[in-house]
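Me: Please go through this model with me, one point at a time. I will ask, and each reply should end on the value or name I want.

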Amino acid sequence: MLNICIVAGARPNFIKVAPLVRAVVRAKADGKDVNYRLVYTGAENDPTLEPTLFDDLGIQAPDVWLGVDCVNLNELTGRVMSEFEKYLDANLTDVVIVVDDLASTMAVAIVAKKHGLTLAHLVAGTRSFDIKMPKEINRLVIDGLSDLLFTAGMGSNSIVSREGAELSHVYMVGNILMDSLRFNRPRLVRPSVLDSLQVKEQEYIVFTLNRKVLLADTANLERMFAAMCSAAGDVRIIAPLRPSAAEVVAPMVKGYDNFSIITPLSYLEFGYLTANAKGIVTDSGNVAEEATFNGVPCVTINSYTEHIETVKCGSNVLVGEDAGKLGDAVADIVKGQWKKCSLPDRWDGRTAERILQILMDLKRE
């Protein structure tokens with residue numbers, strides 16, 4: 001029996017591991033000797049996990065909740081290490097799969113290796129090349145510890161190879177987020193807010209904002225809103241924002257009739273909103289990836305992206321935190337003047353199948 005422990009540290013992780021969970025469930029139903037347990041490092045009452053999330057993703061709720069909930073990253077790391085060690089002591093585990101680059105992800109990776117377990121990292125090889133970023137440190141540590149590095153593309157393969165990873169440990173499995181998007185495309189739910197705002201598909205721009213550094217620079221943020229709203233003209237900008245971001249943004253956009261802040265949507269509703277938008281402005285790499293999949297023009301308010309394929313062949317452009325460049329990009333969206341884009345290699349919805357096959361083949365060796 002291959003016993004897989006899949007660990008999620010935040011809401012976006014569930015979107016990436018859901019296809020893998022479904023793949024294991026299918027394999028087990030087909031008589032394969034494999035099992036999994038889904039572990040969440042956070043608490044059951046985590047407000048970022050909407051009640052419909054797991055049903056929307058087509059998976060069961062986590063088997064185990066470690067219950068760690070704190071702001072200080074060093075404290076969080078220590079507490080996750082302690083709780084995950086207790087989990088491993090009580091549960092037979094062959095492989096631990098960690099996702100992305102959180103402090104909790106790094107903590108789990110360290111404990112898994114200290115227990116002598118096979119550690120797999122999804123998605124490996126993503127870099128900002130800014131060592132001042134805590135997440136960049138997490139990525140370096142996790143990739144350095146991992147026995148299996150599952151990458152989304154050749155660029156990530158090159159990065160981990162340059163950093164000394166053995167080629168036999170690196171597998172370009174593709175972008176697992178696409179597995180979720182392909183699975184959920186026919187299940188998307190039209191949000192009622194479109195009727196409330198009296199806007200139709202392809203007639204609005206979606207805006208998302210989460211980065212703390214952007215929210216902290218209020219003077220520049222005001223300039224960006226002025227440029228964006230002016231360039232949008234009569235096109236409605238719809239902004240599903242969490243309370244902390246909405247509190248900062250609301251006073252800045254009070255005078256712009258075309259900017260509407262709404263409460264966060266469910267996963268399937270948000271997927272519909274972005275898939276049917278005229279364009280997207282975001283600071284999220286995942287949202288930019290979804291935009292490329294859907295062929296929707298996307299503007300990322302950052303000077304870099306860990307998902308460079310969304311820029312090289314996808315629908316994404318980077319404008320940094322420059323209000324002028326943001327305004328110009330939004331104006332191009334409104335005019336319908338955007339670059340041609342295509343899907344990067346292995347965005348085919350079969351990443352989870354590849355990962356599971358690799359794990360089962362290694363188990364047999």
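What follows is a set of questions and replies on single residues, pairs and elements.

Me: What kind of model is this, and which pLDDT is needed for local features?

Reply: This is a predicted model, in which side-chain atom pairs count only at pLDDT 80 or more, totals for chains, interfaces and linings use all residues, and local features need pLDDT of at least 70. Residues are numbered from 1 along each chain as its sequence is written, and side-chain values use heavy atoms, with hydrogens and water left out. For local features, the pLDDT needed is at least 70.

Me: Is Ile205 buried or exposed, and what is its relative accessible area?

Reply: Ile205 belongs to strand β8, residues 204-207. Helices (H or I, at least four residues) and strands (E, at least two) are DSSP runs, numbered from the N terminus. Buried means under 20% relative accessible area, exposed over 50%, and partly exposed in between, with a 1.4 Å probe and protein chains only. Ile205 is buried, because its relative accessible area is 0%.

Me: How far apart in space are Ile205 and Val235?

Reply: Contact means heavy atoms within 4.5 Å. With neighbours within four places in sequence left aside, Ile205 has contacts that include Val235, Ile237, Gly279 and Val330. Ile205 and Val235 are 30 residues apart in sequence, and their C-alpha atoms are separated by 7.1 Å.

Me: How many salt bridges does the structure hold?

Reply: Side chains of opposite charge can pair when their charged atoms come close. A salt bridge here is a side-chain nitrogen of Lys or Arg within 4 Å of a carboxyl oxygen of Asp or Glu. One network of such bridges links Asp101, Glu136, Arg139 and Glu306. For the structure, the number of salt bridges is 16.

Me: In which helix do Glu75 and Arg79 both lie?

Reply: The side chains of Glu75 and Arg79 form a salt bridge, with N to O at 3.7 Å. Glu75 is partly exposed at 42% relative accessible area, and Arg79 is partly exposed at 34%. The two residues are four apart, about one turn, in residues 73-90, which is helix α3.

Me: Which residue forms a salt bridge with Glu163?

Reply: The closest N and O atoms of the bridge are 2.6 Å apart. The pair links distant parts of the chain, 36 residues apart: Glu163 is in the loop between α6 (154-162) and β7 (170-172), its partner in the loop between β5 (118-124) and α5 (134-145). Glu163 is partly exposed at 41% relative accessibility, whereas the partner is buried at 5%. That partner is Arg127.

Me: What is the N to O distance in the salt bridge of Arg354 and Asp348?

Reply: Asp348 counts as partly exposed because its relative accessible area is 32%. Its side chain meets that of Arg354 in a salt bridge with an N to O distance of 2.4 Å.

Me: Where in α1 does the kink lie?

Reply: Helix α1 has 19 residues (11-29), and its expected span, 1.5 Å times one less than that number, is 27 Å, which agrees with the 27 Å between its end C-alpha atoms. Of these residues, 14 are buried. The bend at a residue is the angle between axes fitted to the seven residues ending there and the seven starting there. The kink, about 40 degrees and shortly before the proline Pro19, lies at Val17.

Me: Which residue follows α1 with a positive phi?

Reply: Its phi is near 95 degrees. The residue is Gly31.

Me: Which loop holds Asp345?

Reply: Asp345 is exposed because its relative accessible area is 57%. Outside its neighbours within four places in sequence, Asp345 is in contact with Ala152 and Met172. Its place is the loop between α15 (323-335) and α16 (351-364).

Me: What is the phi of Arg346?

Reply: Arg346 is also placed in the loop between α15 and α16, and is partly exposed at 33% relative accessibility. Phi is positive in this residue, which is not a glycine, at near 65 degrees.

Me: Which peptide bond is cis, with omega near 5 degrees?

Reply: One of its two residues, Val123, lies in strand β5. The cis bond runs from Leu122 to Val123.
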